[in-house]
Amino acid sequence: MNFIAFNGDCDGLCALQQLRVGDAILVTGVKRDINLVERVEAGPGDEVTVLDVSFHTNRESVLRLLAAGARVRYFDHHHAGELPEHPRLEAHIDTAPTICTSVIVDRYLGGAQRAWAAVGAYGDNLAATGRCLKDSKELEKLGTLLNYNSYGESEADLFFAPAELHRRLAPYADPLAFIHEDEAYQVLAKGYAEDMQRAKNLKPRAARGNAAVYVLPNEGWARRVSGALANSLARSAPARAHAMLSPNSAGGMQVSVRAPLERPAGAAALCMEYETGGGREAAAGINHLPMEGVGAFTGRFLEYFGKRN
């Protein structure tokens, strides 16, 4: 039996799209739902493919599957920690700031589905990497929209659940065909335009030098647009670091951090100072920041990236 655990964002979707797998049990969720491997029960003869979630976060679950006799293929670009040596573990991990999981899968496949790799890179806000793979404004917009759809506290905030979006993408070898033929593209384009219009008047809650902190309202549109807004701000001010704080149902804040595009490093290290933090060099986050810690985080963020300017 085959299992595929994949991040519900653009990079995870496009990594899976490139692999063109057949029948498999899918395990996924919103972008911040990253403890995916713990939901997999596999044993001898089973193969588990994991896409675009941190090995560090899922380490114990991977070890459990290996001990049970399953084979595990792991493709990712987030902080991994030390990888165990095991004959049934095949790890393809690269944490370079200009790399995403879709690029790693593209290497693995020798460029067989390169247009989808480009979409994945664009969606992960790696425009230069995307252009090197396939220079296309249409693919860049598709990457933005697929990534936009992944942000939310639950699938109720999204236009399409990630598993459903995968099923809609799967028939298309050419991403341009999906753009022109599937109504999901227009649904996402319309939602993105409306949500970004709502967000255009947001001002930083705090700023110092080349670092700014935004606090979003506790509304579905704001949760959906948080990642796209962070990426847009990063592109418009490439020397600046950005943090987006969104209220969550646990009474705290969910945090998205973007390091400056001109110096795409430090986001993961900062977020990993917090219990539920993680990510990669250029972009990272904290799943739950208690409200009483918001002031301290704001000061720490401004100080941390201020030192790097």
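**Exercise 1. The pair D33 and R39**

Task: In this predicted model, determine which residue forms a salt bridge with D33, and how far apart the closest N and O atoms are.

Solution. The partner of D33 is R39, and the closest N and O atoms of the two lie 3.0 Å apart. A salt bridge requires a side-chain nitrogen of Lys or Arg within 4 Å of a carboxyl oxygen of Asp or Glu, so this pair qualifies. Next, consider the surroundings of each side chain. D33 has a relative accessibility of 27% and therefore counts as partly exposed. R39, with a relative accessible area of 43%, is partly exposed. By the rule applied here, the count for the model comes to 19 salt bridges.

**Exercise 2. A network of salt bridges**

Task: Establish which residues are linked with R168 in a network of salt bridges.

Solution. Begin with E164, which forms a salt bridge with R168 at 3.9 Å between the closest N and O atoms. Both residues belong to helix 7 (residues 162–169); because they are four residues apart there, about one helical turn separates them. E164 counts as partly exposed at 30% relative accessibility, whereas R168 counts as buried at 18%.

Proceed to D182, whose side chain meets that of R168 in a salt bridge of 3.0 Å, N to O. D182 lies in the loop between helix 8 (175–181) and helix 9, while R168 lies in helix 7, so the pair ties together parts that are 14 residues apart in sequence. D182 and R168 are both buried.

The full network can now be stated: salt bridges link E164, R167, R168, D182 and E183.

**Exercise 3. The charged residue R59**

Task: Decide whether R59 is buried or exposed, and find the nearest side chain of opposite charge.

Solution. First locate the residue: R59 is part of helix 2 (residues 55–67). R59 is buried yet takes part in no salt bridge. The nearest side chain of opposite charge is that of E60, 5.4 Å away; the cut-off for a salt bridge is 4 Å. A polar atom of the R59 side chain does, however, lie 2.5 Å from the backbone oxygen of E82. With neighbours within four places in sequence set aside, the contacts of R59 are A80, G81, E82 and P84.

**Exercise 4. Helix 6 against helix 9**

Task: Find the angle at which the axes of helix 6 and helix 9 cross, and classify the arrangement.

Solution. Helix 6 comprises residues 137–148 and helix 9 residues 183–199; their axes come within 10 Å and cross at roughly 75°. This crossing makes helix 6 roughly perpendicular to helix 9. On the side of helix 6, the contact is made by K141, L142, T144, L145, L146 and Y148. Helix 9 contributes Y185, L188, A189, G191, Y192 and D195.

**Exercise 5. Helix 4, N125 and R240**

Task: State how many residues of helix 4 are buried, and how far N125 lies from R240 in sequence and in space.

Solution. Helix 4 (residues 114–123) is mostly covered, with nine of its ten residues buried. Among them are W116, V119 and Y122. After helix 4 comes N125, which has a positive phi near 65°.

R240 is located in the loop between helix 10 (220–236) and strand 8 (241–247). At 23% relative accessibility, R240 counts as partly exposed. N125 and R240 are 115 residues apart in sequence and 15 Å apart in space, C-alpha to C-alpha. Neighbours within four places in sequence being left aside, R240 is in contact with G209, N210, A211, A212, A259 and P260.

Technical notes. Residues are numbered from 1 along each chain as its sequence is written. This is a predicted model: local features need pLDDT of at least 70, side-chain atom pairs count only at pLDDT 80 or more; totals for chains, interfaces and linings use all residues. Side-chain values use heavy atoms; hydrogens and water are left out. Helices (H or I, at least four residues) and strands (E, at least two) are DSSP runs, numbered from the N terminus. Buried means under 20% relative accessible area, exposed over 50%, partly exposed in between (1.4 Å probe, protein chains only). Lys and Arg count as positive and Asp and Glu as negative; His and the chain ends are not counted. A polar contact is a pair of N or O atoms within 3.5 Å; within protein, one must be able to donate a hydrogen and the other to accept it, and residues adjacent in sequence count only if both atoms are side-chain atoms. Contact means heavy atoms within 4.5 Å. Axes are lines fitted to C-alpha atoms, for helices over the stretch in contact, and angles run from 0 to 180 degrees between N-to-C directions. Angles under 35 degrees count as roughly parallel, over 145 as roughly antiparallel, 65 to 115 as roughly perpendicular and the rest as oblique.
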